[in-house]
Amino acid sequence: MKILILNASPRPNGNISKMLDVIRQECENMQAEVEMVRVQDLNVRPCMACMKCRSTHECVLPPDDAQRILSLIQESDALVVGAPCYWGNMPGTLKLLFDRMVYGMMGENSLAIPQPMHKGKRCYLVSASSTMWPFNILANQTRGVVRALKEILGWSGFKCVGTIQKAGTFRHPEFTDRDRRKCIRAAHRIMK
């Protein structure tokens with residue numbers, strides 16, 4: 001099984017990174033081929049909204065990391081996305097990446113009805129927020145991240161097999177044994 005992990009956290013040693021590392025290690029222990037990409041390190045130009053990619057199935061901008069990541073998604077069997085909460089949503093770097101890959105994530109029929117291009121693939125979503133539980137859910141903080149990612153990946157055909165939503169990281173930044181156990185369970189759900 002080929003798994004791509006997108007880490008949209010700018011903190012290389014933060015909670016998202018630690019959770020994704022445990023998921024990666026556990027999936028590798030189960031013989032998966034795993035590639036992890038730090039979104040923060042990518043060079044991706046903003047989408048110009050020219051809409052040419054909808055008919056040509058390629059971006060008019062000069063090649064950058066968006067095309068490379070799209071190829072990795074196309075080759076993968078499963079996708080894991082880790083994103084901290086920024087104003088109730090994913091970080092702009094991750095949204096920018098998805099904006100640039102839309103032509104390879106979903107197509108359209110002649111009536112402009114979306115057609116998923118990754119049907120049958122699995123995804124798992126990991127988010128963290130400084131907002132304490134249960135307000136990370138009630139105030140749409142980590143829930144906002146998960147909702148936005150489910151929207152993008154759902155229209156692309158991915159089946160979300162689970163989420164981890166870690167709350168209260170401002171007051172409790174530590175990575176706990178409970179967090180580790182959740183990540184190990186996540187890896188097993190991805191590999192099913």
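## Helix 1 and the residue after it

Gln31, which follows helix 1, has a positive phi, near 75°; this and everything below refers to a predicted model. Helix 1 itself has 15 residues, and the 21 Å from its first C-alpha to its last is close to the 21 Å expected at 1.5 Å a residue.

The buried residues of helix 1 are Asn15, Ile16, Ser17, Met19, Leu20, Val22, Ile23, Glu26 and Cys27. Together they pack against strand 1, strand 2, strand 3, strand 6 and strand 7, and also against helix 8. Asn15, which lies in helix 1, counts as buried because its relative accessibility is 11%, and the cut-off for buried is under 20%. Leaving out residues up to four places away in sequence, Asn15 touches Lys166, Thr169, Pro173, Glu174, Phe175 and Asp179.

## The parallel sheet

Five strands make up an open sheet with parallel pairing, in the order 2-1-3-6-7. Strand 2 and strand 7 stand at the edges with a single partner strand each, so one side of each has no neighbour in the sheet. Between neighbouring strands of this sheet the average turn is 15°, direction ignored.

Strand 1 (2–7) is mostly covered, with five of its six residues buried. Strand 1 pairs in the parallel sense with strand 2 (residues 33–38) over six bridges, and within this pairing Lys2 stands opposite Glu33. The pairing of strand 1 with strand 3 is also in the parallel sense and runs over five bridges, with Ile3 standing opposite Ala78 in strand 3. Strand 1, helix 1 and strand 2 make a β-α-β unit that is right-handed.

Toward the other edge, strand 6 and strand 7 run parallel and are joined by six bridges; here the bridge partner of Arg122 is Lys159 in strand 7. Helix 8 packs on the sheet, where it touches strand 1, strand 3, strand 6 and strand 7, and the direction of helix 8 makes about 175° with that of strand 7.

## The loop between strand 7 and helix 8

Phe175 is found in the loop between strand 7 and helix 8. Although Phe175 and Met19 are 156 residues apart along the chain, their C-alpha atoms are separated by 8.2 Å. With neighbours within four places in sequence set aside, Phe175 is in contact with Asn15, Lys18, Met19, Val22 and Arg180. Of these, Asn15, Met19 and Val22 are among the buried residues of helix 1.

## Helix 8 and its two sides

Helix 8 (residues 177–191) has 15 residues, which at 1.5 Å a residue should span 21 Å, and this agrees with the 21 Å between its end C-alpha atoms. Its buried residues are Asp179, Cys183, Ala186, Ala187, Ile190 and Met191. These buried residues cover an arc of only 130° around the axis, and therefore lie on the same side of helix 8. On the other side of helix 8, Asp177, Arg178 and Arg185 are exposed.

What do the buried residues of helix 8 pack against? They pack against strand 1, strand 3 (78–84), strand 6 (122–128) and strand 7 (159–166), and against helix 1 (15–29) as well. A contact between the two helices can be named at the level of residues, since Asn15 of helix 1 touches Asp179, which is one of the buried residues of helix 8.

Conventions
Residues are numbered from 1 along each chain as its sequence is written. This is a predicted model: local features need pLDDT of at least 70, side-chain atom pairs count only at pLDDT 80 or more; totals for chains, interfaces and linings use all residues. Side-chain values use heavy atoms; hydrogens and water are left out. Helices (H or I, at least four residues) and strands (E, at least two) are DSSP runs, numbered from the N terminus. The expected span of a helix is 1.5 Å times one less than its number of residues. Buried means under 20% relative accessible area, exposed over 50%, partly exposed in between (1.4 Å probe, protein chains only). The arc is that of the directions from the helix axis to the C-beta atoms. Contact means heavy atoms within 4.5 Å. Two strands pair if DSSP finds at least two bridges between them. A crossover is right-handed if, with the strands pointing away from the viewer, the path from the first strand over the helix to the second runs clockwise. Axes are lines fitted to C-alpha atoms, for helices over the stretch in contact, and angles run from 0 to 180 degrees between N-to-C directions.
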